[in-house]
Amino acid sequence: MAASRRQILAGKLAVLVIAALVAGYFVATSAEKRYEEGKQLTIENYTEGFEAHKAKETKPPIPLLGAAAALLVFFVFSLGLYEALGWALGLLIQRTGLLPDREPKQDDDEVRAIAAKYPGTDLSLSMGRVHLLAVPFAPAMAATIVVPFWLIWGFPDTSGGSPNPTGAVVLVMLLLAGVVVHEALHGLGFVLFGRVSWSQIKFGVFWKYLAPYAGCRAPVSASAYRYAVALPGLMLGIVPAFAAIATGSRWLLIYGLVMTLGAIGDLAILWVIRSVNSHRLVLDHPKAVGCWVLDETPCPTEPTSTAS
């Protein structure tokens, strides 16, 4: 018997906890070891290791394209390993009976209720399928940004010293903030282009995949839906990437690249609904990536009711 969604989610959370504990152990023991070695360090030891330390610090810089490719491979491998280990631990939890094998019916009931109220065609993808689609598409999307930068500016010159750690910290903070702004821009797009109210925008997280989302609980035209879906990737990904190519800023390049890759799910939606007429009404799917294309009948004006 296959593991349930909640058991797989528990397995994934266990993977994150185990990974954090292992990483914390190695960081703590490494720091303790350096501390003990530092207390016993003499001027003779420091002099003996000077040349080796100098050789280590003056290694040729890693080419930007090679570093981006390595990070992409690491990301895809880590994502695949995370999904596989989460599924394996979820199956172990199911076999050992640590977590009751019960599936919550709320999501299915919500989807059925909305489908009954708004008859139409379901054009949606599961989050798992979106992750699989990201494997072949991510390298192509990265190449469209990195290659033009490399052709114009070449590899960044890091021979002048190590990168400024403050800049790296600021970049990480901006990336984390970008996740929140990404969903806010989806909501803003529905309000501006779909002419809906903020009360009809729902924000949340697909906890099974640790993926935040913003959805619209009222029907909008397909053209408005496309604009709302594309807005974050354009503003947070494409615009900074073009600015990086124009100015040669590697920080903008990294930010634009990461935020563009973060919009792969949005790109998948645009591809799935590519043949839908712009004037057709669509309704954002509450539990998947995509929408319903409503039948060409008069549409209720009140928003659908969703469980909180």
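1. Helices here are DSSP runs of H or I with at least four residues, numbered from the N terminus, and in that numbering Gly 189 lies in helix 7. The model is a predicted one, and the points below should be read with that in mind. Gly 189 is a useful place to begin, because its relative accessible area is 0% and the residue therefore counts as buried. Leaving out residues up to four places away in sequence, Gly 189 touches Gly 194, Ala 228 and Leu 231. With Leu 231, the C-alpha to C-alpha distance is 6.6 Å, although the two residues are 42 places apart in sequence.

2. As to the overall picture, the secondary structure of the protein comes to ten helices and six strands. Of its 308 residues, 32% count as buried, and the protein exposes about 18500 Å², of which carbon and sulfur atoms supply 69%. Among contacts between residues at least 6 apart in sequence, 77% join residues that are at least 24 apart.

3. The largest nonpolar core has 26 residues, and those that touch the most other members are Phe 190, Val 196, Cys 216, Val 220, Tyr 225 and Val 282. At least two residues of this core come from each of helix 6 (127–153), helix 7 (165–194), strand 2 (201–206), strand 3 (211–216), helix 8 (222–247), helix 10 (264–272) and strand 6 (289–294). Helix 8 gives the most to this core, namely five residues. A second core, separate from this one, has nine residues, including Ala 142, Ile 145, Ala 241 and Leu 253.

4. What does Cys 216 touch, if residues up to four places away in sequence are not counted? The list consists of Phe 190, Val 196, Gln 200, Ile 201, Leu 283 and Asp 284, and two of these, Phe 190 and Val 196, are named with Cys 216 among the residues that touch the most other members of the largest core.

5. The count of aromatic pairs comes to two. In one, Phe 190 and Tyr 225 have their ring centres 5.9 Å apart and their planes at 45 degrees, a tilted arrangement. This pair links distant parts of the chain, since Phe 190 is in helix 7 and Tyr 225 in helix 8, 35 residues apart. Phe 190 counts as buried because its relative accessible area is 2%, and Tyr 225 is likewise buried because its value is 1%. In the other pair, the rings of Phe 193 and Tyr 227 have centres 5.1 Å apart and planes at 50 degrees, so this pair too is tilted. Here again distant parts of the chain are linked, with Phe 193 in helix 7 and Tyr 227 in helix 8, 34 residues apart. Phe 193, however, has a relative accessibility of 39% and so counts as partly exposed.

6. Val 191 has its place in helix 7. Is this residue buried or exposed? Its relative accessibility is 17%, and because the cut-off for buried is under 20%, Val 191 counts as buried. Apart from neighbours within four places in sequence, Val 191 is in contact with Val 196, Ser 197, Trp 198 and Ile 201. The C-alpha atoms of Val 191 and Ala 224 are separated by 9.4 Å, the two residues being 33 apart along the chain.

7. Trp 198 lies in the loop between helix 7 and strand 2, and at 46% relative accessibility it counts as partly exposed. Not counting residues up to four places away in sequence, Trp 198 touches Ala 184, Gly 187, Leu 188, Val 191 and Phe 203. For Leu 188, which is ten residues from Trp 198 along the chain, the C-alpha separation is 8.3 Å.

8. Arg 195 is also in the loop between helix 7 and strand 2, and its backbone deserves a check. Phi of Arg 195 is near 55 degrees, a positive value in a residue other than glycine. Most residues other than glycine have a negative phi. Arg 195 is exposed, because its relative accessible area is 72%.

9. On the surface, Val 147, Trp 150, Leu 151, Ile 152 and Trp 153 form a nonpolar patch, with about 490 Å² of accessible area together. Trp 150 has its place in helix 6 and, at 33% relative accessibility, counts as partly exposed.

Conventions
Residues are numbered from 1 along each chain as its sequence is written. This is a predicted model: local features need pLDDT of at least 70, side-chain atom pairs count only at pLDDT 80 or more; totals for chains, interfaces and linings use all residues. Side-chain values use heavy atoms; hydrogens and water are left out. A nonpolar core is a set of buried Ala, Val, Leu, Ile, Met, Phe, Trp, Tyr and Cys residues joined through side-chain atoms within 4.5 Å. Buried means under 20% relative accessible area, exposed over 50%, partly exposed in between (1.4 Å probe, protein chains only). Contact means heavy atoms within 4.5 Å. Accessible areas come from the Shrake-Rupley method with a 1.4 Å probe; for residues, only the protein chains shown count as cover. Patches are made of residues with over 30% relative accessible area and no salt bridge: like charges are joined within 9 Å, nonpolar side chains (Val, Leu, Ile, Met, Phe, Trp, Tyr) within 5 Å. A salt bridge is a side-chain nitrogen of Lys or Arg within 4 Å of a carboxyl oxygen of Asp or Glu. Rings of Phe, Tyr and Trp (its six-membered ring) pair if their centres lie within 6.5 Å; planes under 30 degrees apart count as stacked, over 60 as edge-to-face and the rest as tilted.
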